[in-house]
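Trainee: I should like a close look at a single part of this structure, namely the place where the two chains meet. Please take me through the contact and then through what lies around it.

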Amino acid sequence: MSLTSTAKDGIQVVTVDAERIDAAMAIQFKDDMRSTTDDGPARVILDLTKVNFVDSSGLGAIVAAMKQVGPNRKLDLASLSPMVGKVFRLTRMDTVFNIYDTVQDAIDAEQDDD
Amino acid sequence: MSRSFYCSFSANELNAREGILSVISRLKNFGLSEHRLNEIQIALAEAINNVVEHAYENNTSGEVKVTCSMHDANLMIEIHDTGSPLPNLELPDGNLGPLEKNLETLPEGGFGWFLIRELTTDVHYRRVAQTNELKLTFSIA
């Protein structure tokens with residue numbers, strides 16, 4: 001399992017315990033996200049603190065994870081490394097996800113339905 | 001001043017990961033900035049993943065060869081493989097489609113060539129003697 005999960009006050013924080021979500025990791029990450037976020041709180045925060053690199057396979061797996069969470073729940077991202085942030089900005093995926101500097105910022109954020 | 005190094009590995013995803021990390025680690029000796037190394041790693045990873053997943057289609061006995069060389073203010077990374085050629089012997093355009101807000105239709109792939117084109121100064125492909133030759137150039141300003 002590449003993930004650790006904690007749930008509190010209606011928010012599930014899923015921490016990725018890997019330095020890279022790359023081609024070698026993407027399928028396992030997607031499968032682990034499916035089992036971890038299946039039937040949980042309405043809001044999921046994906047904590048990427050330990051991840052310093054995401055390639056296009058990993059990016060696709062994160063998008064897939066958001067689809068798995070479904071339209072009635074939300075997957076937000078927290079604590080992107082400079083390299084991970086760069087991949088999200090270049091592909092404009094930073095406009096699709098809510099991205100927070102830290103997990104605490106994500107927890108504290110007022111949730112507006114956009 | 002010209003400096004260069006060469007490495008090779010067989011075409012599976014874990015070897016590709018180690019190969020990418022090894023190249024980036026050795027490029028640190030070229031005095032590149034952390035920021036530029038990050039950009040190079042993203043483009044290099046996409047190029048190598050394409051070889052592993054498409055040219056060799058996960059035929060893990062295939063060999064991926066990477067040569068890096070500095071020429072004045074340019075870093076050249078050449079990747080050679082003997083897998084299948086690129087379709088029509090051409091570099092894909094790598095355009096990102098319009099990004100829809102509709103969750104279900106969000107793309108889960110097709111970012112690779114876009115990232116390569118976005119992060120390199122120049123990219124060239126040719127097929128020579130049953131070998132794919134991809135040259136990525138990064139200007140180091």
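Mentor: In this predicted model, the side chains of A:Asp22 and B:Arg17 meet in a salt bridge, with 2.7 Å from N to O. The count of salt bridges between chain B and chain A is three. Residue pairs in polar contact between chain B and chain A, both at pLDDT 80 or more, number eight.

B:Arg17 itself deserves attention. This residue is found in helix H1 of chain B. Its contacts, leaving aside residues up to four places away in sequence, are A:Arg20, A:Asp22, A:Ala24 and A:Met25. B:Arg17 counts as buried because its relative accessibility is 18%, and the cut-off for buried is under 20%.

Around this salt bridge lies the wider contact, to which chain B gives 31 residues and chain A gives 28 residues. Between them, the two chains bury about 2,500 Å², and 63% of this area is on carbon and sulfur atoms. On the side of chain B, B:Arg17 appears again: together with B:Leu103 and B:Glu108, it loses the most area to chain A, and the three account for 23% of what that side buries.

As to the elements involved, the polar contacts between chain B and chain A comprise eight residue pairs. Helix H1 (13–27), helix H2 (34–55) and helix H3 (112–119) of chain B each supply at least two residues of the side that touches chain A. The largest share comes from H2(B), with nine residues. By residue class, this side of chain B divides into 15 nonpolar, seven polar and nine charged residues.

From the partner's side, helix H3 of chain A (residues 82–90) is largely enclosed by the rest of the structure, because seven of its nine residues are buried. The buried residues of H3(A) are A:Met83, A:Val84, A:Gly85, A:Lys86, A:Val87, A:Phe88 and A:Leu90. Their cover includes elements of both chains: strand S5 (53–54), helix H2 (56–69), strand S6 (74–78) and strand S7 (99–100) of chain A, together with H2 and H3 of chain B. Just after H3(A), A:Arg92 takes a positive phi of about 65°.

Following H3 of chain B onward leads to B:Thr120, in the loop between H3 and strand S4 (122–128) of chain B. B:Thr120 is buried, because its relative accessible area is 10%. The side chain of B:Thr120 reaches the backbone oxygen of B:Ile116 at 2.7 Å. Leaving aside residues up to four places away in sequence, B:Thr120 touches B:Ala43, B:Leu136, B:Thr137 and B:Phe138. B:Asn15 is 105 residues from B:Thr120 along the chain, and their C-alpha atoms are separated by 23 Å.

These details belong to a chain with three helices and five strands, which in chain B follow the pattern β-α-α-β-β-α-β-β along the sequence. Of the 141 residues of chain B, 49% count as buried. Among contacts in chain B with a separation of 6 or more, 65% are between residues 24 or more positions apart. The radius of gyration of chain B is 15 Å, which agrees with the value near 14 Å for a compact globule of 141 residues. Along the principal axes, the C-alpha atoms of chain B fill a box of roughly 50 × 35 × 25 Å.

How values were computed: Residues are numbered from 1 along each chain as its sequence is written. Chains are lettered from A and ligands numbered from 1 in the order in which they are written. This is a predicted model: local features need pLDDT of at least 70, side-chain atom pairs count only at pLDDT 80 or more; totals for chains, interfaces and linings use all residues. Side-chain values use heavy atoms; hydrogens and water are left out. Contact means heavy atoms within 4.5 Å. Buried area is the accessible area (1.4 Å probe) that two parts lose on being put together, summed over both. A salt bridge is a side-chain nitrogen of Lys or Arg within 4 Å of a carboxyl oxygen of Asp or Glu. A polar contact is a pair of N or O atoms within 3.5 Å; within protein, one must be able to donate a hydrogen and the other to accept it, and residues adjacent in sequence count only if both atoms are side-chain atoms. Helices (H or I, at least four residues) and strands (E, at least two) are DSSP runs, numbered from the N terminus. Ala, Val, Leu, Ile, Met, Phe, Trp, Tyr, Cys and Pro count as nonpolar, Asp, Glu, Lys and Arg as charged, and the others, Gly among them, as polar. Buried means under 20% relative accessible area, exposed over 50%, partly exposed in between (1.4 Å probe, protein chains only). The radius of gyration is taken over C-alpha atoms; the globule rule is 2.2 Å times the number of residues to the power 0.38.
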